[in-house]
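Reader: Hello! Could you take me on a close look at the side-chain contacts in this protein, beginning with a charge and a ring?

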Amino acid sequence: MALPAPEWRGLLARRWAALDPPLRERLAAASLRDAVRLGCDLLRTEEEEAALVRLCQRVCTGKEPEAASFYREQGNREFGRRRYQVALRLYSKAASHEPPGSPEVSVCFANRSAALFHLEHFEVCLEDIARAESHGYPDRLLPKVLLRKAECLLCLGRLQDAADALSVVENKIHMDGLLISPAHPTLLKKLSQLKFKLHEKERCPEPAQEAHADMQGKSEIWEENDSISGASSSLSLNYDTERGRHLVASQDIIPGQSLLKEEAFVSVLWPGESLPLQDSETAWDTQVTNADLYCHRCLRQLLASVPCRGCSYAKYCSQHCADTAWEQYHRTECSLGALLLTLGIFCHVALRTVLLAGFAEVNRLVEGSHSGDKDPHNPKAGCKCLSEAPEAGAGTRGIPGCNDSGRYHSSYQAVFHLLPHTEQHSPEHKFLCMLSVVAICKQLQEAGLHAAILNQESSEQWPKSKTSDQTSDELSPELKTVAEAMLRHVLQLQCNAQAITVMQELGPGDGAVVNKKPVRLATAFFPVLSLLNHSCCPNTSVSFSGTAATVRASQPIPRGQEIFHCYGPHQCRMRAAERQQLLSQYFFECRCQACLDELESDVKSVVSMRNSFCCPSCHAPMQGEEDLLCCSNEACATSVSRENLSCRLQDLQQQIKKALDLLRDRKADQAIKMLLKCQMDAGNFLSPEHLLMGEMEDHLAQVYATLGKWQEAARHLKKSIGIVEMHHGPSSVETGHELFKLAQILFNGFAVSEALSTIQRAEEILSVHCGPQSAQIQELQEMKTCLSELPRSILQRT
């Protein structure tokens, strides 16, 4: 969750209501520095401390030997059922709860290597075998693991390495006297089989694979901007009082052209919907969340995670990521895991931001904001007037966040100068953020982590005398500075947080057609991407690879036009009134062309018409803005309450969910019957163009694909694509994703000519939105190559 746990929010809401009115007024008008000082005095009651302790106890982030045993046993059970992917995740959970260097964690790695071997991830299997050995895997069990290592090397064609590994196993078996062990016949038989396989491969080496054409696609033309880091030279940075900082096209831009490539200054993994909550009456949670699936530093997808040395929560894709995260920030965050999960991802991002920046830079900018903060609501307050800088470019003079040379970099300075909108947040919200930040800084001090904050820079700059005389209730001056910066960042995040999204597979992922949907992966600060203003009909598309964002033009952008990004409420997804309500969190009223066209005319929005109810009697559209809806057909007098139709819609969505549960349980026939019934029910009260009608066609295509009925699957998916095109447009990324699925179905159904034409159209759309290097483009190119290499006689028949 972005904000703290509901119990903590409720407690501080009651605390706010109980404050004396003069104190509330003082807090509401306080600067960030004064708010922190007041917060240090207010967060001293036993009630708040006890509440935080109680909430943190519900979140399991420490090493728990009992949990490790539970997960390892569950993993063994799933491995015995040949559910290797599930076993893999459970062994990873077990490893995260074992102390590093222990025999128990080595067993987890060895067991996980067995699952990886069966899943044919041979390189990663070898890595886990090496981890098991380095963590002291029991000597008596080592021959079995070494045989697995040799078999992996054989599968990878590394024959000399395999021979060396088999020699080591053979010597170890004889030297350790395992010939009298009950297990020795199985080991010797396996050793004999592998030696024979090695001999056969050496005698008849496999033919070298033919080199295929480069599948990486065309490299993108890129010339970086001299004044804006990560931005294309086709953009310029402007500023005015109405739009603030914004980017404008300095030349004509074509669709698909890359405009911005930026690495997040800071990102924090979104924990997912199912936090590992724990109490005395429940079993250990076996649910898989983002925390199990992605690296906590670089956000790459995890296969065999490397656990943190101190906690069970943080997991990494490699030892390099684990070590780098530890040095940069996790040595400070590690013991605070439960508190950070309790107080929400915004507080976590704020803490990591100051840790990455280093105290010296944080202190410089905070102090600078005090010296120049004549008007705390002026966005340029505290910024050096860049017109005085001799090298400042004319287009960036005086723009906040630029450095002394007039350049805007993806740096902490740029992050610091993102607007916190201090005066526009409600006093209650600022009170919640203030006490949450102070609670973290007090925990840092009580846990002895004060020095770690300062050690982000040279410790010689910060004499011990500055920190040694602090009481447990009074924050040190340095931590007050940290708290002020963190409060600023928490307030900034409401308007400037960027969700990093990823296309995540739905279901087990073992089908011929991969169904994916975009899911939130992390929350990040992208200072350059934050320069883009919102439009409900944007001219760009944003894609992510790990912690990097790429912005591409989604339509032609003429010179002089502003570059826009959609903050979430798109004109294709909701009506203008709903969009305006959602955008109120950003403290502006949207005046984009899409909103103006809809709000200043009597014409109903496209989304309203297509996602409307229809008459249960004659199927004509229902109309009316109040609770009672009337049929638009004058010859029909039917009227129905909006609440009645909304309840029917909710019931329908529940039935669709049950059908998808049946599909996950591999009960395809039952899922089809339920979805067809849902279609029939929906036709009685929903518009034929309603998005839910398209979703049901998509689900039916998915079920038929699992049964190998490719023609039937393609028929339903084409209907879904028609509805998606009506809502989002024929060149939208949504249409591209649907065409990608259709290409998979046609490919598997051997409909060659239609598959090739669908692949071409999907490529054209997805390369604009995701770039030629994206995973979907690569898969489309592989399908096209495979189909193009078929014999001419087959191509002519299809």
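Author: Happy to. The charged end of arginine 520 sits over the ring of tryptophan 270, at 4.0 Å from the ring centre. Please keep in mind that this is a predicted model. A similar arrangement involves arginine 309, whose charged end sits over the ring of tryptophan 326, 4.4 Å from its centre. For the part of the chain around that second contact, UniProt has an unreviewed entry that lists residues 295-334 as "domain: MYND-type". In the model, this span is 38% helix and 10% strand, and its end C-alpha atoms lie 15 Å apart.

Now to rings that meet other rings. The whole structure contains eight aromatic pairs. One of them is tilted: tryptophan 16 and phenylalanine 431, with 5.3 Å from centre to centre and 55° between the planes. Tryptophan 16 belongs to helix 1 (residues 6-18) and phenylalanine 431 to helix 18 (residues 427-446), so this pair ties together parts that are 415 residues apart in sequence. Both tryptophan 16 and phenylalanine 431 are buried. Phenylalanine 79 and tyrosine 84, by contrast, make an edge-to-face pair, 5.1 Å centre to centre with 65° between the planes. Here phenylalanine 79 is partly exposed, at a relative accessible area of 23%, while tyrosine 84 counts as buried because its relative accessibility, 16%, is under the 20% limit. Elsewhere, Phe265, Tyr412 and Phe416 come together in one aromatic cluster.

Charged side chains also meet one another, and the structure holds 31 salt bridges. In one of these, aspartate 128 partners arginine 112, with the closest N and O atoms 2.6 Å apart. That pair links distant parts of the chain, since aspartate 128 is in helix 8 (residues 122-134) and arginine 112 in helix 7 (residues 103-118), 16 residues apart. Aspartate 128 is buried, with a relative accessible area of 0%, and arginine 112 is buried too, at 1%.

Helix 8 also has a salt bridge of its own, between glutamate 127 and arginine 131. Their closest N and O atoms are 3.8 Å apart, and the two residues lie four apart, about one turn of the helix. Glutamate 127 is partly exposed at 40% relative accessibility, whereas arginine 131 is buried at 15%. Put these residues side by side and you have a network of salt bridges linking Arg112, Glu127, Asp128 and Arg131.

Terms used: Residues numbered from 1 in each chain as written. Predicted model: local features only at pLDDT ≥ 70, side-chain atom pairs only at ≥ 80, totals over all residues. Heavy atoms only, no water. UniProt positions renumbered as here; feature names shortened; annotations may be inferred. Phe/Tyr/Trp six-rings, centres within 6.5 Å; stacked < 30°, edge-to-face > 60°. Buried < 20%, exposed > 50% of the residue type's maximum accessible area, 1.4 Å probe, protein only. Lys NZ or Arg CZ within 6 Å of the ring centre and 35° of its normal. Salt bridge = Lys/Arg side-chain N within 4 Å of Asp/Glu carboxyl O.
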